[in-house]
Every structure is written in C-alpha cells, then in structure tokens.
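Visitor: I should like to take a close look at a single part of this model, namely its nonpolar interior. Please describe that part in detail and then relate it to the rest of the chain.

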Amino acid sequence: MTATLAPPVRIGKAAVAALGMLAVATGALESVVTPTLPLLQRELDMSPAEGALLSIVLLITGALVTPVAGKLGDRYGGKRVLIRLMAVVCAGGLVSALAPNLPVLLLGQVLQGAMVGALPLSFILVRKHLPAGESKVAIGTVSGLFVGGGMAGTLSAGPVAEGLSRHWMFALPTFAVIGATLLVNRLMPDDPPGRPDDGGIDWPGLVLLSGTLVTLMLVLALAPDIGSQPLVLGALIVVLAAFVTGWTAVERRAASPMVDLRMLARPAVWKSSVLTFVICVGTSMAVYLVPQLFAVDTDEYGFGASATKIGFFLLPGAVAASLAGPISGIGARRFGSRAVVTTGIVIMVTALTALAAVHSEVWHLIIGKAMIALANGLCVTAMVTSTATSVDQGDTGIATSLVLVTRVLGYAVGAQVSGAMLTAATPSGSDVPAESAFVTGFVIAGAVTALSLLVTRTMSKGVKE
C-alpha cells in the first residue's frame, strides 16, 4: 500500500524524448499503407474492396483497444501497459513485414492497431510524472511528433517499397518502434497503479462490438456481389442485426460499459458523435479515392503515379491536417465550436464537389485532398474539445471515447463504401474502374457531409474566451 501511495518520480527531458521517439516511430508505421495501397493491391492481387478493408482494419482494432488500454493503464500503471502494448505492435509490424499474402497482412495490421492506445498511455505517463504546466508542453510535443512521424511514413513508404520491397516499408519503422520501446522501458520510471475496483473491463461488450464491426465490414465488402451471393449477404445482415441488438443490451446492463449508451443520449455527445461519423465518412471516401485515382494509368484517365509520387502528392494534406488542430483550438476559443465545425463542413463540401467536377490535373487532387484534410481536422478537433468541456470532469474519458468510436466507424464505412463502388464499376477482365465511379463517390461524400449542417444548426455556439 505504501508503494501505491508514494508520489511518482519526476521525469527528465530524456524520458520525454523517448516517448517522442516512440510517437514518431508509431506514426510512421501507421501511415505506410495509405500511399502504397495501389502497389499493395497489385502485388497481392486485391480488389478495391479488399484494399479498403486493409486501409481501415488498423483503425478498427485501435478503437477497440484504446478504452481497454486506458482502463488497464489506470489500474496497473501506464508504463507497464504501454510496454506490453508495444510488444503486440512490434509483433504486428513483423507479421506485416513477412506477410506473403493478404490474410497474413490483415493479421499484422490487426496487431498493429494496438498502437492507437499508445498515445493516451503516453499522456497518462506525462501527466503523472510532470507538473501541470510542463505536462501540457510535453503532451503537445508528443502529439506533434506523432503527426511528424505520419508525414515521414507517408513520404518514405513509396521509395522504400519501390527501391527495396513492400516488406521493408513495414520492417524499418517496426525496428524503430522496437528501439524506442526499449528506450522508454529504460528511461521512464514505473508509475503507481490506480484503484483496482473500477468495475473491470467490459469484455462481453468488447467482443460484441468487435463482432459488429467485423460483420459490418463483410456486409459492405460483399455488397457489390449481391447478385451472385444474395443468401450470404442476407445471412450477414441478420448476424449484424443480432450483434447490434446483443451489444446494446449488454452495454445498457454493464456496470462499467465500454461504450456508455446513457452518455450517448446526452445532446452534446450524440450531436458530436453524429457529426463526427458523417464528416469522417466523407473524409475517408476522399482518403481512399484520391490515391486510387493517382494510380490509374495515364492511358485511361489517371496519372500513373508510383507509390513514391503518391506519397509526395499526399504530403500537403498531411501538413494541412497537422495545422488544423491548433487552428481549430484558436478558432473555437475566439468564435465558438459551432462556427469552426460549420466552416470545416463548408470547406469539405466545396472540396468534394470540386473534385467531382474537376480532377483532370494532379494539382486538382492535391489541393482538394489538402482542403479535405484541413476541414476534417478543424471539425474533429472542435467536436472533441466541445464534447470534453460539455460533460463533468469525471466523464471526459467516456464522452471522448464515444467520439473516437464513431470516428473510426465513419472512416471504416466510408472506405468500404468507396471500395465497393470501385469494385462494382470495374469491368470483367479489367483492373481499372470506370471514371464515373470516382465522380459518384465524390458526389455522395459531398452530399452526405452537407447533411451534417442540419445537425450543426442545433449545436451550442461553444464557450468563447
């Protein structure tokens, strides 16, 4: 008991730097798939729908792991859980690096998804070991380095995959994660565990939510083949309904639910969740479609871009996303959250509509993708901030986790719908979908995003300072 109550040891710059290195390495590992997805589809003979599944399976795992990691970190100590979590991530990176086919690569990505829980655990450690003022600076530094790692992964994945192989683009950042994890283990002192009587982990809810997400992805993946597999698709829809019903019943009765449905009923929370879902559907459709359009051969209607070029083309969007957080925070303080979200939605709808109408030059796609990334960052940051400040302090983690789950669901649904559309629009014997599929995708994304303005009108303006 004495050890539990002892004050935590103050950490120095070396320990914070180790957490920063881990953030860079995990950010790089997380981002290597997006710019190289067309290359992976060619090498592993994937359909667009399978490529969409590959692009979001890591996020789905992360949405499931993050709340569990947070609870375990509070119970057993942030460092202890972080090191074990990173061991899973390293195993996933090595599996992805050695993967000979799509099923093995999907397994590797599932294991890598544990990395999404690393950032909150890093924040737990920083807050436990540093005074309030210094911890804010450290959290900002670690967050910025994670974004910087994502940019590095976006830029380097293509050259590494083309110069060496797709195996090395997973292996190199995995080696960096291993090294950074060893440094954190050496330099970061142990933090005291929290109270053991916090209601436990909602394992039934976690299992049922996992089943719901996996079944939903299968339904979306099989949707283009409904003519040839109607019974299979119908059976999956029945299974999906059963999972949703069971999960809802379990969460309503759980003492410590993974997703608190009572919290979701609060106006500020459900509005943020709905907006996050809809906006992320529109964003993920663009995130998936733009690299695919870059990769279409120049003999058709595309640009024949290599994975290296796609990485460079996507870089402005990564920069815009990194700037969106601070801009959103400043805007929310000055004008209120509703104004920031509305502005972001208008920017996104404009960009998606423009991409549907004009996408004949590389710069059209680069600017459109950057505007969408900026708009997404503005909206999601403002909504997370609004949600966190609209509930009691003790409910902050629960409320923001709901936004996280709906964010991942939005990305998953948008990517799978886009992949299904391209698969359905690809003629037999060809690997190039009809150009109209891209146009339709951008139009649908813009229309869905525009509908969210109906919800923003009912939002509170937000606190101004």
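Guide: The account below begins with the chain as a whole, turns to the nonpolar interior, and then proceeds to the surface and to selected residues.

The model is a predicted one. Its secondary structure comprises 19 helices and zero strands. The chain has 465 residues, of which 51% count as buried. Among contacts with a separation of 6 or more, 80% join residues that are 24 or more positions apart. The area exposed by the chain is about 20,000 Å², and 68% of it is supplied by carbon and sulfur atoms.

The largest nonpolar core contains 82 residues. Within this core, Leu54, Phe294, Phe438 and Phe442 touch the most other members. The greatest contribution comes from helix H13, residues 267–295, which gives 10 residues to the core. A second core, separate from this one, has 24 residues, and Ala15, Ala25, Leu58 and Ala114 are included in it.

Leu54 deserves attention as one of the four core residues just named. When residues up to four places away in sequence are set aside, Leu54 touches Val33, Leu37, Leu40 and Met46, together with Leu105, Leu106 and Gln109.

Phe438, another of those four, also takes part in an aromatic pair, its partner being Tyr301. A pair of aromatic rings is described by the distance of the centres and the angle of the planes. For Tyr301 and Phe438 the centres are 6.0 Å apart and the planes stand at 65 degrees. Because planes over 60 degrees apart count as edge-to-face, the pair of Tyr301 and Phe438 falls into that class. The two residues belong to distant parts of the chain, 137 residues apart. Tyr301 is in the loop between H13 and helix H14 (307–335), whereas Phe438 is in helix H18 (residues 435–451). Both partners are buried: the relative accessible area is 17% for Tyr301 and 1% for Phe438. In total, the structure holds three aromatic pairs. Phe294, already named as a core residue, joins Phe303 and Phe313 in one aromatic cluster.

Helix H13 also contains a buried polar residue, Thr276. The relative accessible area of Thr276 is 0%, and it therefore counts as buried. Apart from residues up to four places away in sequence, Thr276 touches Met383, Val403, Thr406 and Arg407.

A glycine in another helix may be considered next. Gly150 is placed in helix H8, residues 132–163, and is buried, with a relative accessible area of 15%. Once neighbours within four places in sequence are left aside, the contacts of Gly150 are with Gly27, Ala28 and Ser31. Gly150 and Ser322 are 172 residues apart in sequence, and their C-alpha atoms are 9.8 Å apart in space.

The surface carries a nonpolar patch of about 650 Å². Its members are Leu94, Leu164, Trp168, Leu172, Phe175, Ile178 and Leu182. Helix H9, which spans residues 166–187, gives the most to the patch, with five residues. Trp168 lies in this helix; because its relative accessible area is 39%, Trp168 counts as partly exposed.

Helix H9 also supplies one partner of the salt bridge between Glu43 and Arg166. A search of the whole structure finds one such bridge. The closest N and O atoms of Glu43 and Arg166 are 3.1 Å apart. This pair, too, links distant parts of the chain: Glu43 is in helix H3 and Arg166 in helix H9, with their positions 123 residues apart. The partners contrast in accessibility, since Glu43 is partly exposed at 46%, whereas Arg166 is buried at 8%.

Asp45 lies in the loop between helix H3 (33–43) and helix H4 (48–76). The phi angle of Asp45 is near 55 degrees, a positive value in a residue other than glycine. With a relative accessible area of 68%, Asp45 is exposed.

Conventions
Residues are numbered from 1 along each chain as its sequence is written. This is a predicted model: local features need pLDDT of at least 70, side-chain atom pairs count only at pLDDT 80 or more; totals for chains, interfaces and linings use all residues. Side-chain values use heavy atoms; hydrogens and water are left out. A nonpolar core is a set of buried Ala, Val, Leu, Ile, Met, Phe, Trp, Tyr and Cys residues joined through side-chain atoms within 4.5 Å. Buried means under 20% relative accessible area, exposed over 50%, partly exposed in between (1.4 Å probe, protein chains only). Helices (H or I, at least four residues) and strands (E, at least two) are DSSP runs, numbered from the N terminus. Contact means heavy atoms within 4.5 Å. Patches are made of residues with over 30% relative accessible area and no salt bridge: like charges are joined within 9 Å, nonpolar side chains (Val, Leu, Ile, Met, Phe, Trp, Tyr) within 5 Å. Accessible areas come from the Shrake-Rupley method with a 1.4 Å probe; for residues, only the protein chains shown count as cover. A salt bridge is a side-chain nitrogen of Lys or Arg within 4 Å of a carboxyl oxygen of Asp or Glu. Rings of Phe, Tyr and Trp (its six-membered ring) pair if their centres lie within 6.5 Å; planes under 30 degrees apart count as stacked, over 60 as edge-to-face and the rest as tilted.
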